[in-house]
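Work through the following exercises with the model open beside the text, and try each task before reading its solution.

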Amino acid sequence: MMTTEKQLIVQAAEGDEIAVTRLFRAYQDRVYGYLLRMLRRPDKAADAAQETFIRAFRGLPRYDERGKFASWLFRIAHREALRMLRRDRLRSFLPFGDGVPDSVADDSGSPERMYEAGECGARLEEAIGGLPPLERTTILLRLNEDMSFKEIA
């Protein structure tokens with residue numbers, strides 16, 4: 001029998017440890033990856049991810065199921081990243097883990113094309129890195145998590 005995400009959320013809110021584990025596993029890499037791009041430090045991203053999941057699972061009884069779970073979870077992650085940035089006074093973000101977004105890189109072309117794509121990606125990364133945190137977050141969630149603007153809002 002296939003358990004839906006909504007069923008897992010209800011079960012997790014009721015204290016079902018298996019449901020909590022399944023939800024965690026479904027989102028752990030995405031949340032960590034987002035936080036790593038925001039905080040630029042694996043240790044800080046891991047701490048923020050852990051705190052995100054603690055806050056999320058404690059808050060599950062208050063989750064409004066009319067909204068998308070991923071949007072709710074990433075909102076918690078975003079707040080945790082901002083808390084950590086304020087606390088640690090980190091000011092820079094890394095919009096793309098490898099410096100070149102998939103949509104820019106074209107590895108099927110010539111070496112010159114690949115170099116140009118890398119240069120374009122680096123310029124794009126620098127431009128996004130200069131944006132205020134709210135705008136950066138919007139772009140990261142849109143490009144890296146493929147969320148709609150409605151979900152991001």
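## Helix crossings

α1 and α2 are oblique to each other, a description that follows from the angle between their axes. The model examined here is a predicted one.

**Exercise 1.** Find the angle at which α1 and α2 cross and the distance to which their axes come, and then determine the hand of the crossing.

*Solution.* Start with helix α1, residues 5-13, whose axis comes within 8 Å of the axis of α2, the two crossing at roughly 130°. Angles from 35 to 65 degrees or from 115 to 145 degrees count as oblique, and α1 and α2 are therefore placed in that class. The last step is the hand, and the crossing of α1 and α2 is left-handed.

**Exercise 2.** Describe how α4 packs against α3 and against α2, giving angle, axis distance and hand in each case.

*Solution.* Take helix α3, residues 42-59, to begin with: α3 and α4 pack at an angle of about 130°, and their axes are 9 Å apart. These two helices are therefore oblique to each other, and their crossing is right-handed. Turning to α2, the packing angle with α4 is about 40° and the axes lie 10 Å apart, so that α2 and α4 are likewise oblique to each other. The crossing in which α2 passes α4 is right-handed.

## Aromatic pairs

**Exercise 3.** How many aromatic pairs does a search of the whole structure find, and what is the geometry of the pair formed by Tyr34 and Phe74?

*Solution.* The search of the whole structure yields seven aromatic pairs. In the pair of Tyr34 and Phe74, the ring centres are 5.6 Å apart and the planes stand at 85°, so the arrangement is edge-to-face. Next, locate the partners: Tyr34 belongs to helix α2 (residues 17-39) and Phe74 to helix α4 (residues 69-88), so the pair ties together parts that are 40 residues apart in sequence. Finally, check accessibility, for which buried means under 20% relative accessible area: Tyr34, at 0%, is buried, and Phe74, with a relative accessibility of 1%, is buried as well.

**Exercise 4.** Classify the pair of Tyr63 and Trp72, and name the cluster into which ring pairs link these residues.

*Solution.* The rings of Tyr63 and Trp72 have centres 5.1 Å apart and planes at 55°, so the pair counts as tilted. Tyr63 is buried, its relative accessible area being 13%, and Trp72 is also buried, with a value of 13%. Ring pairs then link Tyr27, Tyr63, Phe69 and Trp72 into a cluster.

## A helix face and two positive phi values

**Exercise 5.** Compare the span of α6 with the expected one, and work out where its buried residues fall around the axis.

*Solution.* Helix α6 has 12 residues, 133-144, and reaches 16 Å from its first C-alpha to its last, which is close to the 16 Å expected at 1.5 Å a residue. Its buried residues are Arg136, Thr137, Leu140 and Leu141. Seen down the axis of α6, the buried residues fall within an arc of 125°, so they line one face of the helix.

**Exercise 6.** What is the phi of Asp146, and what is the phi of Arg40?

*Solution.* Most residues other than glycine have a negative phi. Asp146, which follows α6, has a positive phi near 55°. Arg40, a residue other than glycine, also has a positive phi, near 65°. Arg40 lies in the loop between α2 and α3, where it is partly exposed, with a relative accessible area of 44%.

Methods
Residues numbered from 1 in each chain as written. Predicted model: local features only at pLDDT ≥ 70, side-chain atom pairs only at ≥ 80, totals over all residues. Heavy atoms only, no water. Helix = DSSP H or I, 4+ residues; strand = E, 2+ residues; numbered from the N terminus. Expected span 1.5 Å × (residues − 1). Buried < 20%, exposed > 50% of the residue type's maximum accessible area, 1.4 Å probe, protein only. Arc of directions from axis to C-beta. Phe/Tyr/Trp six-rings, centres within 6.5 Å; stacked < 30°, edge-to-face > 60°. Axes fitted to C-alpha atoms, helices over the stretch in contact; angles between N-to-C directions. Left-handed = near helix turned anticlockwise from the far one by under 90°.
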